[in-house]
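User: I have a model open and some labels to go with it. Let's test the labels against their definitions.

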Amino acid sequence: MLARLARNGAALRNALLDVLFPPRCVVCRQRGTWLCASCVAQFERIVPPICERCGRPLHRTTCPYCARAPLHIEGTRAVAFFDGALRQAIHAFKYLHRTELADYFGTMLADYLLTFPLSVDTIIAVPLHPERERARGYNQAALLANALGARTHLPVWNDALVRTRATRSQTELNAEERYANVHDAFAASPRVRGARVLLIDDVCTTGATMQACGAALYAQGAQTVWGLTLARSR
Ligand SMILES: [Zn+2]
Ligand SMILES: [Zn+2]
């Protein structure tokens with residue numbers, strides 16, 4: 001109840017502010033847009049050569065990350081590095097209720113898929129635990145998935161995957177702790193049988209969350225699982 005009041009309060013506040021103060025870039029404050037072209041141009045895009053699996057830039061023939069701990073999904077991809085202007089924009093999107101940014105980010109994800117296609121037929125967002133989603137008022141990954149679906153005409157099945165237990169924020173955890181933290185934290189619906197799923201999230205660090213989601217999807221018979229995020233850490 002309090003969360004809803006706070007949320008409606010925040011939405012109302014944003015709407016009023018939009019009238020009083022028209023859109024300004026969340027990064028550099030330039031007027032007329034929530035994310036300006038010169039800030040977008042600063043995003044450091046991740047382009048080939050990349051590792052086929054984890055999507056990290058590849059400097060030699062075999063990827064040292066995947067040699068050490070191979071992913072158990074087809075692979076993960078990210079549009080750009082989680083740095084500078086993009087980091088700031090994602091912060092505004094997740095924590096400052098700047099949900100308008102889903103439009104900008106949805107276009108970036110769709111452009112990425114157009115340039116670097118993946119064999120997928122269904123989009124699913126990485127779910128938040130219901131309590132966290134209530135507190136925030138939205139799941140930022142679901143907004144991205146919907147925006148991407150609208151631009152690619154791929155079906156979006158965000159309710160086919162749920163987070164079954166609350167997990168700690170991954171931010172303060174090392175790679176090993178991240179895997180333990182999200183292990184068995186997700187459950188998928190039998191509806192995903194045979195689907196070639198594209199998992200969507202805002203940021204990927206170790207891929208632990210994508211892997212845990214992938215395990216739940218494969219357990220219900222998904223054919224393949226790819227992950228795509230806006231950003232990834234270096
Ligand atoms: Zn800007
Ligand atoms: Zn790799």
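Analyst: Start with one pair: Ile124 stands opposite Leu199 in strand 5. Keep in mind that this is a predicted model.

User: What makes strand 2 and strand 5 a pair?

Analyst: Two strands pair if DSSP finds at least two bridges between them. Strand 2 and strand 5 have four bridges, in the parallel sense. Therefore they count as paired.

User: Why are strand 1 and strand 2 called edge strands?

Analyst: The open sheet has four strands in the order 1-6-5-2, with parallel pairing. Strand 1 (75–81) and strand 2 each pair on one side only. On average, neighbouring strands of this sheet are turned by 25° against each other, direction ignored.

User: How do you know that the span of helix 7 agrees with its number of residues?

Analyst: Helix 7 (residues 140–152) has 13 residues. At 1.5 Å a residue, the expected span is 18 Å. The end C-alpha atoms are 18 Å apart, so the two agree.

User: What does "buried" mean for Leu144 in helix 7?

Analyst: A buried residue has 20 or more other C-beta atoms within 10 Å of its own. Leu144 is listed as buried, so it meets that cut-off. The buried residues of helix 7 pack against helix 4, helix 5, strand 2, strand 5 and strand 6.

User: Which residues is Val197 in contact with, leaving aside neighbours within four places in sequence?

Analyst: Among them are Val120, Ile124, Leu217 and Val225. Contact requires C-beta atoms within 7 Å, so each of these pairs meets that limit. Val197 is also among the residues with the most contacts inside the largest nonpolar core, which has 66 residues.

Note on methods. Residues numbered from 1 in each chain as written. Chains lettered and ligands numbered in written order. Predicted model: local features only at pLDDT ≥ 70, side-chain atom pairs only at ≥ 80, totals over all residues. Core = buried A, V, L, I, M, F, W, Y, C linked by C-beta atoms within 7 Å. Buried ≥ 20, exposed ≤ 12 C-beta atoms within 10 Å, placed from the backbone. Contact = placed C-beta atoms within 7 Å. Helix = DSSP H or I, 4+ residues; strand = E, 2+ residues; numbered from the N terminus. Expected span 1.5 Å × (residues − 1). Axes fitted to C-alpha atoms, helices over the stretch in contact; angles between N-to-C directions.
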